[in-house]
Amino acid sequence: MIDLQVTDKTHDEERQGEALIIDAPRVRNGRKLYIESYGCQMNFADSEIVASILLDQGFETTGDYKEADVVFINTCSIRENAEQRVRNRLSQFGAEKRRNPKLIVGVLGCMAERLKSKFLEEEKLVDVVVGPDAYRELPQLLNEVESGHKAINVLLSREETYADISPVRLNGNGITAFISIMRGCDNMCSFCVVPFTRGRERSRDPHSILAEAQDLFDRGYKEVTLLGQNVDSYKWKGKDADEDAGIEVNFAQLLEKVALVSPDLRVRFSTSHPKDITDEVLYAIARHDNICNYIHLPVQSGSSRVLELMNRTYTREWYINRIDAIRSIIPDCAISSDIIAGFCTETEEEHRETLSIMDYVQYDFAFTFSYSERPGTLAARKFADDIPEEVKKRRLSEILLKQQETSLYRLQQFVGKTVRILVEGSSKKSDQDLCGRNDQNAMVVFPAAEGIEAGQYAYVHIDRCTSATLLGTAVVEEPQIV
Ligand code: SAH
Ligand code: SF4
Ligand code: F3S
């Protein structure tokens, strides 16, 4: 039975080093793959493509690297500490390789792309280095390694979307799944390594996206999250020779098409870019009950001057205008953000502008980071990383504190009300409790009740909350829904 991994998390701080396993009914060659993933949801989705490619070669997956023939680590480069974690993990794999010299160790993903052959020089235990657009070459690269050579392919592509590869759903709950709708990024935010590690932006054929959504729904899945670095710039145009010659599909249209797969299939998406999110997208969300009222709209900074240095191509006023549009078109929409503390030359006053935009928006949730200079980025080349570590730390803690207060305030608004959730399974802390998310992506935990099972929609009366979770009781009677 093929199922999928679940996550509510977006960034590497939250997801690190999870081993992905599956028991798949394909012809086996007796060889075992262990794959561990770091970084964003897109990297986790890529690991499902990689597993699919190797399962087709007869591999099976294992959750224990000590019994594996091939160990892959799918890496993230977004901040220095993300790379450091991978290096530490590689040294553990090194110890295993000394015990079992036949073990093949491969580095995939963004660090592979960033460091290329340097990886083979720096980390002697690594046998194979593969960038995010070269996974189709994995079988050949493994053959090269077996014939005694180190192997590398880090070519980026303008076309590769792996559209025809059906991802195996790793470690999943069978209820929620990711669908990659595009790859790469053309934005060149000055702090960001992604355009270098993932290459040019390209959108996946909508037919294959819809087929994947339909297939998931037919197999019992109830929620899909459409993934891209900047989903709002999704754009696909039918090629000349095809039936769809000249037909264009933008993100709002794609969203709507996926929503029409079934009213029982909830649709989420991430990440939205403030410069590109259109009212057309907002109206599509408002029109369809099954497109969740939740938008991840990273602001990064509340200061127009800093935003300009970051090359985000919007101002504070523009961002506020987008927030106002969301509030007027989708009044109960939850909004989350990514915020960077201590970007090059940021003054105290500019830091306070970040705090004040947080007050204005009242985010439901935010991922917060201290600026980490990344080699080769525009910022690394043009600006000094001049904010002392202790100042970055203090600014970050002020941002965090504010967010904790706001998250609590936001969740308190649900207390006393009844919300509709998609039940995902037992809660992390106790198998006596079930958990699931409401439309606005808030996590709801409640005691298991007769007749309520994973994969169902259920109504829960919210009794109380923490700053991260709503706690309640399942209701069976006709509820007043939020
Ligand atoms: N495509 C998404 C974000 C991808 S990276 C977007 O444009 O919003 C996820 C987050 O990591 C970014 O939003 C940013 O807040 C953070 N980030 C990226 N590079 C960083 C760096 N060099 N230092 C600190 N945080 C960084
Ligand atoms: Fe990085 Fe900016 Fe692209 Fe996001 S939009 S991936 S932050 S370059
Ligand atoms: Fe990290 Fe690459 Fe994603 S740098 S955040 S894994 S696109």
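Which residues does UniProt list for the feature "domain: Radical SAM core"? The unreviewed entry places this feature at residues 171-410.

This is a predicted model, in which local features need pLDDT of at least 70, side-chain atom pairs count only at pLDDT 80 or more, and totals for chains, interfaces and linings use all residues. Residues are numbered from 1 along each chain as its sequence is written, chains are lettered from A and ligands numbered from 1 in the order in which they are written, and side-chain values use heavy atoms, with hydrogens and water left out.

## Annotated spans

The UniProt positions are in the numbering used here, with feature names shortened, and the annotations may be inferred rather than shown by experiment. Helices (H or I, at least four residues) and strands (E, at least two) are DSSP runs, numbered from the N terminus. In the unreviewed entry, "domain: MTTase N-terminal" covers residues 31-147, and "domain: TRAM" is listed for residues 412-476. The composition of each span and the distance between its end C-alpha atoms are tabulated below.

| Residues | Helix | Strand | End C-alpha distance |
|---|---|---|---|
| 31-147 | 48% | 21% | 17 Å |
| 171-410 | 40% | 18% | 31 Å |
| 412-476 | 2% | 55% | 23 Å |

## Ligand 1

Ligand 1 is surrounded by 16 residues, and the closest are Phe-191, Gln-229, Gln-300, Asp-338 and Ser-372. A residue counts as near a molecule or strand if one of its heavy atoms lies within 4 Å of it. The shell divides into six nonpolar, six polar and four charged residues. In this scheme Ala, Val, Leu, Ile, Met, Phe, Trp, Tyr, Cys and Pro count as nonpolar, Asp, Glu, Lys and Arg as charged, and the others, Gly among them, as polar. Strands β16 (334-341) and β17 (365-370) each supply at least two residues of this shell.

Polar contacts are pairs of N or O atoms within 3.5 Å; within protein, one must be able to donate a hydrogen and the other to accept it, and residues adjacent in sequence count only if both atoms are side-chain atoms. A polar backbone atom of Ser-372 lies 2.7 Å from a nitrogen atom of ligand 1, and a polar backbone atom of Phe-191 is 3.0 Å from a nitrogen atom of the ligand. Arg-312 places a polar side-chain atom 3.2 Å from an oxygen atom of ligand 1. The protein covers 94% of the 540 Å² of accessible area that ligand 1 has on its own, by the Shrake-Rupley method with a 1.4 Å probe.

## Ligands 2 and 3

Among the residues around ligand 2 are Cys-185, Cys-189, Cys-192, Phe-191, Gln-229 and Arg-312. This shell has seven nonpolar, three polar and one charged residues. Around ligand 3 lie residues including Cys-40, Cys-76, Cys-110, Arg-198 and Gln-229; by class, the shell has five nonpolar, four polar and one charged residues.

## Backbone features

Most residues other than glycine have a negative phi, and most peptide bonds are trans. Ser-270 and Thr-271 are joined by a cis peptide bond with omega of about 5°, and Thr-271 is in the loop between β14 (266-270) and α9 (279-287). Tyr-162, a residue other than glycine, has a positive phi near 55°; Tyr-162 is found in the loop between β7 (151-153) and β8 (176-180).
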